[in-house]
Amino acid sequence: MITSKDEKDKQTEQMAVCLKAFMLKSSTKTNLNLYDHLARLLNKILDERPENAVDVIEDMSRELKRSLIAEKQSVLRDTPFSSPQQDLAELQRILFARQPGEDGDQQEQLVEAPIPNVAELAFFLQQAGVGMDKEEMQRIFLALKHLVDTQPLQRCRFWGKILGTEASYLIAEVEMREGEEEEEAGEEKAEEEEKEPHEEEEEKEEVVEVDQLPKSTYKPPPVVPKEENHTGANKYTYFVCQEPGLPWVRLPSVTPLQISTARQIRKFFTGRLNTPVISFPPFPGNEANYLRAQIARISAGTQVSPLGFFQFAEEEGEDDEDGARANFEENPDFEGIPVTEMAESLSAWVHHVQHILTQGRCVWVNLLGKPEGEFEDEEEEDKDVDMDKPEPEVGPPLLTPLSEDAEVNYTPPWTTGLSSTLIPQFAIATLRSNLWPGAYAYACGKKFDNIYFGWGMKSTDSRYGFSPTPLPVPQEEYPSGPEITESLDPSLEEEHALMAAQEEQRAAQEDAEGVDDEEEED
């Protein structure tokens with residue numbers, strides 16, 4: 001029988017197990033438990049044997065906890081968080097630092113360096129109510145100085161800023177020194193020559209095939225040749241960067257096909273030059289090529305100057321070989337036009353960038369010209385030339401007044417104004433493009449400039465008549481004709497009639513052959 005003493009012992013044992021389990025429960029803050037902590041604390045008291053242990057037991061418990069937590073902490077600190085603004089500021093520190101050797105040749109650099117006066121540009125744009133804040137313009141100023149110091153430039157100008165969905169483009173318009181463009185042209189020709197051998201190998205492989213597939217008779221239209229450097233749409237070179245302090249990237253030359261395709265599409269820029277341009281019709285290139293094409297279009301339509309500031313060179317004849325003069329120079333006798341006159345009349349402003357034709361070039365080229373060896377007689381050559389020679393396309397000449405620009409749906413392409421109507425004697429004349437929102441120009445005495453701040457697209461207003469290119473009609477699977485048309489099965493009566501007709505025809509042929517044999521025997 002179980003006695004009361006055994007029951008008490010069992011109850012005491014159960015209570016001890018429950019108490020130990022409670023003391024082994026870990027803390028949610030320090031991950032320590034009371035059982036281990038008391039065991040360590042008693043061991044420490046027995047080892048050190050302090051006087052008045054009951055008075056210092058709390059301090060010893062606190063020190064023991066602190067030592068356990070410190071052991072678990074690492075001696076290495078976490079990497080401090082840096083925001084994108086801090087990273088950009090670190091890159092822009094280079095712009096505010098002097099380059100080694102600048103102190104010695106400072107006077108020569110002030111005379112020779114083609115650095116644009118962005119501070120003056122910002123001052124006039126602020127009066128016109130456009131532009132960016134002073135801090136950003138100052139950083140752009142320093143970024144252009146860095147570009148001039150690192151590239152062999154003859155001329156540099158801040159073209160403007162094109163916005164994007166992820167990043168924007170700061171654009172610099174430059175002229176390279178003599179000899180620099182020739183190196184780039186040589187590299188492009190070398191790339192084209194590398195592609196030609198691959199095409200010849202593909203043609204040889206096609207000849208080796210035994211069962212030749214049917215070849216298409218479609219002949220693509222002739223490719224419009226690209227304009228050379230320093231001429232037409234490739235007169236200037238352009239560098240872009242996303243933010244001041246980031247590296248400048250040189251844009252490639254533009255081709256007529258890229259300009260013609262850019263006129264038929266509308267795409268927002270992403271801010272990444274390697275992004276493919278997905279559109280219809282397909283654009284031949286990536287975003288860098290599309291950006292270069294839009295820059296050429298905007299420059300051709302919005303770059304203006306006061307009437308008389310530029311003049312054609314006296315050495316140049318009235319017309320070039322292509323039918324229009326393409327070079328001009330500054331007029332030293334220009335005295336300026338009154339601001340009120342420039343703000344009231346578009347005749348006081350002129351275009352100083354060549355117009356881009358429908359062909360995608362500034363100078364028209366004949367794509368149907370035949371080589372001289374294909375003509376046998378001179379008369380035949382004269383006749384074919386007269387019949388096949390297309391009518392050349394001619395655009396408006398350089399230095400044409402803006403008053404001759406055509407209106408689109410009774411909407412003027414330009415809007416003029418004054419920076420201040422309250423104090424007109426100290427105001428500047430401003431000009432804003434309605435076809436290309438974001439294109440501005442100002443003039444004050446002998447000073448003028450052009451700037452662009454926008455999305456790089458033409459006006460979305462329906463009054464200007466933009467419509468996307470429709471998709472082509474789906475091609476037919478096969479040409480419809482009697483050779484492939486399925487005929488109906490004849491009835492039984494039609495089969496008997498056909499058989500009877502064939503028997504009569506056969507009997508008539510036999511009778512005719514018998515008559516011919518009798519005549520030969522006679």
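# A guided tour of the chain

Start with the whole chain on screen and its surface switched on: about 36,900 Å² is exposed, and carbon and sulfur atoms supply 51% of that area. Keep in mind as you go that this is a predicted model. Switch to a cartoon view and you will have 13 helices and 12 strands to explore. If you colour by accessibility, 31% of the 522 residues count as buried. For a contact map, take pairs in contact that are at least 6 apart in sequence: 63% of these contacts join residues at least 24 apart.

**Stop 1: a pair of helices**

Select residues 118-128, which form helix 6, and residues 134-150, which form helix 7. Two packed helices are described by the angle between their axes and the distance between the axes. Here the axes come within 9 Å and cross at roughly 150°. Angles over 145 degrees count as roughly antiparallel, so helix 6 runs roughly antiparallel to helix 7. The crossing of helix 6 past helix 7 is right-handed.

Which residues make the contact? On the helix 6 side, show Val 118, Ala 119, Ala 122 and Gln 126 as sticks. On the helix 7 side, add Lys 134, Met 137, Phe 141 and Leu 144. Coloured by type, the residues of this contact divide into 6 nonpolar, 1 polar and 1 charged.

**Stop 2: a strand residue and its neighbours**

Next, move to strand 3, residues 237-241, and pick out Val 240. Is Val 240 buried or exposed? Its relative accessibility is 1%, so Val 240 counts as buried. Leave aside the neighbours within four places in sequence and look at what Val 240 is in contact with: Tyr 169, Leu 170 and Ile 171 are among them. Pro 247, Trp 248, Val 249 and Leu 251 also belong to that list, as do Leu 273 and Leu 291. For a distance to draw in the viewer, try Val 240 to Ile 162: the two are 78 residues apart in sequence, and their C-alpha atoms are 9.9 Å apart in space.

**Stop 3: the loop between helix 9 and helix 10**

Now select the loop that runs between helix 9 (256-262) and helix 10 (287-302), and find Ser 279 there. Ser 279 has 22% relative accessibility and therefore counts as partly exposed. Beyond residues up to four places away in sequence, Ser 279 touches Ile 265 and Lys 267. Ile 265 is 14 residues from Ser 279 in sequence, with a C-alpha to C-alpha distance of 6.9 Å.

Pro 281 sits in the loop between helix 9 and helix 10 too. Zoom in on the backbone between Phe 280 and Pro 281: the peptide bond joining them is cis, with omega at about -5°. Most residues other than glycine have a negative phi, and most peptide bonds are trans.

**Stop 4: two residues with positive phi**

Keep the backbone torsions displayed and go to Asn 52, in the loop between helix 2 (34-48) and helix 3. Phi of Asn 52 is near 55°, a positive value in a residue other than glycine. With a relative accessible area of 53%, Asn 52 is exposed.

Then jump to Leu 399, in the loop between helix 12 (378-388) and strand 9 (414-418). Leu 399 is not a glycine either, yet its phi is positive, at about 60°. What is the relative accessible area of Leu 399? The value is 16%, so Leu 399 is buried, whereas Asn 52 is exposed.

**Stop 5: a serine in helix 3**

For the last selection, highlight helix 3, residues 53-72, and centre the view on Ser 61. The relative accessible area of Ser 61 is 15%, so this serine is buried, whereas Ser 279 is partly exposed. To see what Ser 61 touches, display His 37 and Leu 41; residues up to four places away in sequence are not counted here.

Key:
Residues are numbered from 1 along each chain as its sequence is written. This is a predicted model: local features need pLDDT of at least 70, side-chain atom pairs count only at pLDDT 80 or more; totals for chains, interfaces and linings use all residues. Side-chain values use heavy atoms; hydrogens and water are left out. Axes are lines fitted to C-alpha atoms, for helices over the stretch in contact, and angles run from 0 to 180 degrees between N-to-C directions. Helices (H or I, at least four residues) and strands (E, at least two) are DSSP runs, numbered from the N terminus. Angles under 35 degrees count as roughly parallel, over 145 as roughly antiparallel, 65 to 115 as roughly perpendicular and the rest as oblique. A crossing is left-handed if the near helix is turned anticlockwise from the far one by less than a right angle, and right-handed if clockwise. Contact means heavy atoms within 4.5 Å. Ala, Val, Leu, Ile, Met, Phe, Trp, Tyr, Cys and Pro count as nonpolar, Asp, Glu, Lys and Arg as charged, and the others, Gly among them, as polar. Buried means under 20% relative accessible area, exposed over 50%, partly exposed in between (1.4 Å probe, protein chains only). Accessible areas come from the Shrake-Rupley method with a 1.4 Å probe; for residues, only the protein chains shown count as cover.
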